[in-house]
Amino acid sequence: MKATKRSTARPTPAKVATGIPGLDELSYGGLKANRTSLIMGGPGSGKTVVALQTLVNAARARNEPGIFVAFEETVEQILADAAGFDWGLRALAKSKLFFLEARLSPDVVQSGEFDLRGMLAMLKAKKDEIGARWIVFDGVDVLLTLLHNPIAEMREVYRIRDWLADNAVNAIVTAKIDGGMSASANYDFMQFMMDCVIRLSRRLENGVSLHRLQITKYRGSDFVAGEHPVSFGSSGMEVGAPEPPEIKHAASTERVSAGFERLDRMLGGGLFRGSSTLITGVPGTSKTTLAGKFAEAACLRGERTLFVSFDEGADPIVRNLSSVGIHLRPHIKSGLLRMYSGRTESIGAEDHLVKLKSLLREHRPRCMVIDPLSALAKAGGLIAARAVANRLIYLVKDGGVTVFITAISEGEDPQTEATELQISTVADTWIHLSYIVRSGERNRALTIIKSRGTWHSNQVRELILSKAGPMLADVYTAGGEVLMGTLRWEKEEEDKVRTTQRHLDFDDKRGALQVAEADTHARVTALQLSLDRQRVELARYSKDNDARITSSTEREQKLGRIRNADPTERALAPSGGKRNGSNASNKGKADGQRNGG
Amino acid sequence: MTRKKAKRPADAVVTMVVLKLYIADTAPNSARAIANLAAICKEYLGDGFELEIIDVLEYPQRALADGIIVTPSLTKLSPSPLTKIVGNLSDTRSVLHALGIT
């Protein structure tokens with residue numbers, strides 16, 4: 001049984017779950033209990049399915065008996081049509097559900113007006129008999145239009161409304177009306193009468209049939225407004241609620257490889273288990289190669305992997321990937337890897353979702369690749385594709401599957417929102433691949449635009465494909481230039497030459513400096529020598545002077561002696577002429593003579 | 001259940017028309033149907049008919065079993081083929097045609 005969620009925003013009336021995935025989320029719990037809901041829509045829009053599925057779910061999950069009044073089709077037709085769903089309706093029709101065929105056969109002659117009083121009396125009896133909690137009036141307009149009288153039709157609708165109010169059952173009325181668009185505009189008043197109005201529509205968009213559901217009215221309760229995509233699977237209808245009201249993904253800290261070591265390093269150690277990675281890029285930028293590498297790495301770890309490709313067969317992909325050293329075939333053989341190729345244009349995006357869901361159920365993968373998810377946008381209706389893409393990502397993440405999604409971007413600039421599907425906000429990691437064209441070469445560049453919850457390199461890397469698989473190289477980013485491929489190689493060579501040159505230049509300079517140093521040193525030595533010489537000279541000059549003084553004194557003394565002059569005062573001083581011991585006697589006389597003179 | 005039986009002459013050679021009329025109590029359409037049918041029978045069938053009037057409000061299960069959908073409903077059980085007419089029988093011509101009276 002599907003749990004009934006109640007909106008906490010404001011007190012809501014008691015509700016009963018329909019059990020239709022998505023619808024109970026949109027209506028915050030289901031239909032209003034003991035009240036009447038109107039399901040309207042054109043032919044083939046799924047009105048009967050909504051009603052039947054609700055009855056089946058109520059009967060199976062809550063053991064609630066129900067009555068189905070078929071105005072439009074025979075009971076046999078309804079049972080046969082519903083046999084495609086896994087409801088076991090035929091068995092239920094024998095136990096919990098009562099089908100009343102209220103379709104006037106074409107043989108019946110009509111003469112004058114009739115009313116539903118008798119039928120309602122019969123239904124009351126049946127309801128009391130089986131204890132029905134639900135009643136469906138399917139296609140009531142078919143019978144009422146036989147009245148050919150709008151006033152009478154309205155009267156009968158009011159009769160039904162009053163009957164439902166008196167009987168306190170959960171009621172669903174379906175009517176083939178398009179909300180005032182068609183001739184049956186007289187049924188507009190039904191919308192005013194009902195507590196809840198759900199409109200279904202089916203239209204063609206780009207040749208693909210799209211089903212939509214919209215809650216247009218819900219008395220006394222909030223609901224999610226807007227049109228929502230509807231898909232039909234083996235369990236019946238499913239409504240694509242835009243997003244689950246609450247995201248309950250467990251955040252894993254376990255890292256798994258994104259494919260190869262260098263990329264893991266750029267991502268700070270790999271991808272988080274259960275995260276989603278978006279790879280965008282224009283065609284030919286190796287999105288599939290990266291995805292294939294991721295898938296191969298997952299298989300090599302022994303993890304079950306699902307590879308979904310759109311508009312390209314599994315075989316060509318496997319062959320192409322093997323040319324770059326990614327070998328998937330052994331893993332397909334071992335059953336670890338499941339390849340699925342879908343043609344996007346044949347069925348609607350919702351149908352793809354249903355198919356992928358069943359694949360996920362069957363294969364139970366731990367890792368998954370969708371290549372390219374953007375192809376879904378081709379499957380009719382961008383809005384539907386967006387919703388499907390989001391739901392798909394949430395679905396995969398709910399299952400804890402690590403998913404690699406590729407998307408073809410329209411432009412080179414990832415900032416212009418690479419994907420029409422607007423999934424980049426949902427993705428945890430976003431890797432963008434681009435071409436850098438320079439001097440006749442096209443090189444692939446890889447950038448990590450975001451990676452939630454982990455360090456990641458902000459640098460552009462060159463993605464190189466070889467027989468050994470993809471690898472990443474540092475790009476040459478000197479002087480504000482980003483160079484790749486041959487240019488990078490050239491620049492690197494140029495760099496090497498320049499480095500050598502620098503070494504040589506350095507050596508030269510050092511040599512020159514050494515020479516200069518030696519020169520200065522030599523000059524210093526020479527100066528020192530001349531200094532020494534000058535000192536010696538100076539010393540010699542001082543001695544000469546002394547000698548000259550001595551000799552002149554001696555000459556005076558000699559002259560004095562010769563002239564017999566008075567002894568000088570100096571000769572009287574007691575220790576006057578001690579300096580020249582050799583002629584002390586003469587000297588004493590000379591001193592005395594000099595002082596006197 | 002109201003059961004109205006026409007007088008049946010002992011030496012009846014005329015084919016008996018066996019009719020069942022399902023009504024919803026005294027609802028306007030039901031009352032009109034009874035009146036219209038009575039007039040038709042009186043005028044065209046004389047004594048050669050057998051009519052049972054069943055109030056669905058009273059016998060809903062029986063009406064269900066008989067495959068009745070709306071009220072009023074008239075069923076001609078005999079002579080064959082079985083014919084069903086719905087409505088208040090105000091269109092005499094179509095009623096006569098359906099009953100095989102021309």
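From the N terminus on, chain B runs β-β-α-β-α-β-β-α, where helices (H or I, at least four residues) and strands (E, at least two) are DSSP runs numbered from the N terminus. The model is predicted, so local features need pLDDT of at least 70 and side-chain atom pairs count only at pLDDT 80 or more, while totals for chains, interfaces and linings use all residues. Residues are numbered from 1 along each chain as its sequence is written, chains are lettered from A and ligands numbered from 1 in the order in which they are written, and side-chain values use heavy atoms, with hydrogens and water left out.

**Exercise 1. Describe the make-up of chain B.**

Step 1. Begin with the elements: chain B has three helices and five strands.

Step 2. Turn to burial. A residue is buried under 20% relative accessible area, exposed over 50%, and partly exposed in between (1.4 Å probe, protein chains only). Of the 102 residues of chain B, 46% count as buried. Cys41(B) is buried, with a relative accessible area of 1%.

Step 3. Look at contacts, meaning heavy atoms within 4.5 Å. Among the contacts in chain B with a separation of 6 or more, 71% are between residues 24 or more positions apart.

**Exercise 2. Find the cis peptide bonds that precede Pro72(B) and Pro79(B), and place each proline.**

Step 1. Thr71(B) and Pro72(B) are joined by a cis peptide bond with omega of about -10°. Pro72(B) sits in the loop between α2 (60–65) and β4 (73–78) of chain B.

Step 2. From Ser78(B) to Pro79(B) the peptide bond is also cis, and its omega is near -5°. Pro79(B) belongs to the loop between β4 and β5 (83–86) of chain B.

**Exercise 3. Examine Asn34(A) and Ser286(A): what is the sign of phi in each, and is each one buried or partly exposed?**

Step 1. Asn34(A) is not a glycine, yet its phi is positive, near 60°. Its place is the loop between β2 (31–32) and β3 (36–41) of chain A. With 31% relative accessibility, Asn34(A) counts as partly exposed.

Step 2. Ser286(A), also not a glycine, has a positive phi of about 75°. This serine lies in the loop between β15 (276–281) and α10 (287–300) of chain A. Ser286(A) is buried, at a relative accessible area of 8%.

**Exercise 4. Follow Asn34(A) to a partner, Asn170(A).**

Step 1. Locate the partner: Asn170(A) is in strand β8 (residues 170–175) of chain A. Its relative accessible area is 2%, so it is buried.

Step 2. Find the link: a polar atom of the Asn170(A) side chain lies 2.6 Å from the backbone nitrogen of Asn34(A).

Step 3. Widen the view. Leaving aside neighbours within four places in sequence, Asn170(A) is in contact with residues including Lys32(A), Ala33(A), Arg35(A) and Trp134(A).

**Exercise 5. Explain why Cys299(A) forms no disulfide.**

Step 1. A disulfide is a pair of cysteine sulfur atoms within 2.5 Å. Searching the whole structure gives zero disulfides over all chains.

Step 2. The closest cysteine sulfur to that of Cys299(A) is in Cys367(A), 8.3 Å away, so the two are too far apart for a bond. Cys299(A) is itself buried, with a relative accessible area of 4%.

**Exercise 6. Describe the contact between chain A and chain B.**

Step 1. Count the residues: 26 come from chain A and 26 from chain B.

Step 2. Give the buried area, which is the accessible area (1.4 Å probe) that two parts lose on being put together, summed over both. Between chain A and chain B it is about 2,000 Å², and carbon and sulfur atoms give 63% of this. On the chain A side, Val109(A), Ser111(A) and Met122(A) lose the most area to chain B, together 31% of what that side buries.

Step 3. Check for salt bridges (a side-chain nitrogen of Lys or Arg within 4 Å of a carboxyl oxygen of Asp or Glu). Across this interface the rule finds zero.

Step 4. See which elements of chain A take part. β5 (97–101), β6 (109–110) and α5 (117–130) of chain A each supply at least two residues of the side that touches chain B. The largest share of that side, eight residues, comes from α5(A).

Methods
Polar contact = N/O pair within 3.5 Å; in protein donor to acceptor, adjacent residues only side chain to side chain.
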